[in-house]
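Colleague: Please take one part of this model and go through it slowly, as I am still learning how to read such things. I would like to start from the ligand and work outwards.

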Amino acid sequence: MIPADPRLRIAAAFAAVLSLSQLTAMPVAALACAGAVLAAAMSAGGLPWRRLMHLEGFVLMLLVTLPLTIPGTPLVRVGPLAASAEGLAQAALLGCKITAAVLTMTLLLAGLDPVRLGGALAGLRVPPRLVALFVATARYVETIGQEAARLRDAMRARGFRPRTDRHTLQSYGNLMGMLLVRSLDRAERVEEAMRARGFTRHLPLGEATPPTGPDIARATLIAGAAALLLLGDRAWPILSS
Amino acid sequence: MADPVQLDDLHVTRDGAPVLRGLSLSLGPAERLAIVGSNGAGKTTLLRAIVGLQAATGTVQLFGQRCAAEADFAAARPHIGFLFQDSDDQLFCPTVLEDVCFGPRNLGRTPAQAEAAATRALAGLGVAHLADRVAHRLSGGEKRLVCLAGLLAMDPAVLLLDEPTNGVDAANGARLHAALAAFPGALILVSHDAAFVASLASRAALLEAGRLVPAEIHDHPHTHAHPHLHKAAP
Ligand SMILES: Nc1ncnc2c1ncn2[C@@H]1O[C@H](COP(=O)(O)OP(=O)(O)O)[C@@H](O)[C@H]1O
Ligand SMILES: [Mg+2]
């Protein structure tokens, strides 16, 4: 069901997220969300629980704050605050859309190696500078993460324990600052090493091969389903009236 | 007094591969143990396991206390100075003085007390003049000495030194050597520098196949020849 070609995956994901973001009818958004959950559950990786947990925390926050901040028909009163039905509906709609979009992206993009993703972006005519930026970021995020972990270990080895005081804040500030300084230094060194090996602003990203027929069909199917959702969304007010 | 470090049947696996396999070790209060071993033998891993930065199975006892949870290790760490293999991992404050103050501040000293301890530690290593320099722009040897000052400022009972002479020139090496020779506590020294090991260590062990094997330090005269570089005559 999912195309193998990274370019088609990106294109399909882009189309799907674009239409998901435009949904306004709750039943259609709920359908999209249910569909995405079903597809993710049936995929090889299963539901990405960890990612969902972070995400639903955010959605939960929306569910709490939006009813209180959007004016409308009050549902319940909490002291001086009134939770509106309109706010709740908004939050539910957003929750469905966000969950569906993140699951779709996970399904289509999570399995891609960052370097291949770079090649795919180049194949989709994304400016080479942006592609180089993306590839370098994907490559070095982990290195910088490891650097941060080692710095934190060294801090712990010298008896550091986070508390709520000035010393802790100052130490974290220094840690962040040092990471930034070292990342800049590293960026300079990496750039010099790349130039020393003859880099001239264009990453060699491998030959592009045309996508296969079945792959195009799969991507079209996904984009088509997304378009159908959007159509249903626009037709919903007419159908339900 | 209980042995500062006592390990029994320690096992560590990294990325699915066993690194330490049933390693045991006891270090007396004033003992100076040198550990040698090839690259990737697990020397750094061993030091990390001692201070609880690396998860391990088996028993770790520090100063007679069995350490299992993070809290147990956290209580012992202020008394164990760990010199990281890469100085840049340790230096994270803008200036040298701030960095050396970091440990004493963690021990609850006031800023003034911490600064006094830091100044003393830097002076003891003969690098008082570096106090106001930007820490990450020092030379490799200077960084090493500043890192060590950051540990000595905490007045530890044990030092764990991971390749202390890495990137250190002769002059800074002599300062390092003098400071370590004067250190009254116990120390574990991981080094490839045979001369450094021979003159500092009281005992040596070889880390091999995930265990420590006793080794012998011997000192005998060699006649040797090696190339030297001198300033050319004008
Ligand atoms: N961050 C890491 N993640 C996974 N494995 C590691 C890591 N660091 C080191 N190792 C592995 O652990 C083993 C021991 O490494 P280490 O203790 O650094 O050796 P040494 O300090 O003796 O050179 C090596 O085989 C190395 O590949
Ligand atoms: Mg090492």
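How far is an oxygen atom of ligand 1 from a polar backbone atom of G42(B)?

Modeller: The distance is 2.9 Å, from an oxygen atom of ligand 1 to a polar backbone atom of G42(B), and this falls within the limit for a polar contact (a pair of N or O atoms within 3.5 Å). Before we go on, please keep in mind that this is a predicted model, in which local features need pLDDT of at least 70 and side-chain atom pairs count only at pLDDT 80 or more, while totals for chains, interfaces and linings use all residues. Residues are numbered from 1 along each chain as its sequence is written, chains are lettered from A and ligands numbered from 1 in the order in which they are written, and side-chain values use heavy atoms, with hydrogens and water left out.

The two neighbours of G42(B) in the sequence also face the ligand with their backbones. A polar backbone atom of A41(B) is 3.2 Å from an oxygen atom of ligand 1, and on the other side a backbone N or O atom of K43(B) lies 2.8 Å from an oxygen atom of the ligand. Taken alone, ligand 1 exposes 560 Å², and the protein buries 60% of that; such areas come from the Shrake-Rupley method with a 1.4 Å probe.

If we widen the view to the whole shell (residues with a heavy atom within 4 Å of the ligand), we find R14(B), D15(B) and V19(B), and then the run S38(B), N39(B), G40(B), A41(B), G42(B), K43(B), T44(B) and T45(B). By kind, the shell divides into 2 nonpolar, 6 polar and 3 charged residues, where Asp, Glu, Lys and Arg count as charged and Gly is placed among the polar ones.

The element that gives the most to this shell is helix α1 of chain B, residues 43-50, with 3 residues; a helix here is a DSSP run of H or I with at least four residues, and a strand is a run of E with at least two. This helix is largely enclosed by the rest of the structure, because 7 of its 8 residues are buried, that is, they have under 20% relative accessible area, whereas exposed means over 50% and partly exposed lies in between. The buried residues are K43(B), T45(B), L46(B), L47(B), R48(B), A49(B) and I50(B), and K43(B) and T45(B) are also among the residues around ligand 1. After α1(B) comes G52(B), whose phi is positive, near 80°.

Positive phi also turns up in residues of chain B that are not glycines. One of them is D155(B), with a phi of about 60°; D155(B) sits in the loop between α6 (140-152) and β7 (158-162), and at a relative accessible area of 65% this residue is exposed. Another is A209(B), whose phi is near 50°, in the loop between β9 (203-208) and β10 (211-215), and A209(B) is likewise exposed, at 58% relative accessibility. A loop residue can also be buried, as G185(B) shows with 9%, in the loop between α7 (170-182) and β8 (186-190).

Stepping back to the chain as a whole, chain B comes to 8 helices and 10 strands. Its radius of gyration (taken over C-alpha atoms) is 18 Å, close to the 17 Å that the globule rule (2.2 Å times the number of residues to the power 0.38) gives for 234 residues, so chain B is as compact as a globular protein of that length. Of those 234 residues, 49% count as buried.

Chain A makes a useful contrast, with 8 helices and 2 strands. A compact globule of its 241 residues would have a radius of gyration near 18 Å, but chain A has 23 Å, and 32% of its residues count as buried.

Finally, you may wonder about cross-links, and a search of the whole structure finds 0 disulfides (pairs of cysteine sulfur atoms within 2.5 Å) over all chains. In chain B, the sulfur of C147(B) is 11 Å from the closest cysteine sulfur, in C93(B), which is too far for a bond, and C147(B) is buried at 1% relative accessibility. In chain A, the sulfur of C33(A) is 4.5 Å from its closest cysteine sulfur, in C96(A), which is also too far for a bond.

Technical notes. Buried < 20%, exposed > 50% of the residue type's maximum accessible area, 1.4 Å probe, protein only. Polar contact = N/O pair within 3.5 Å; in protein donor to acceptor, adjacent residues only side chain to side chain.
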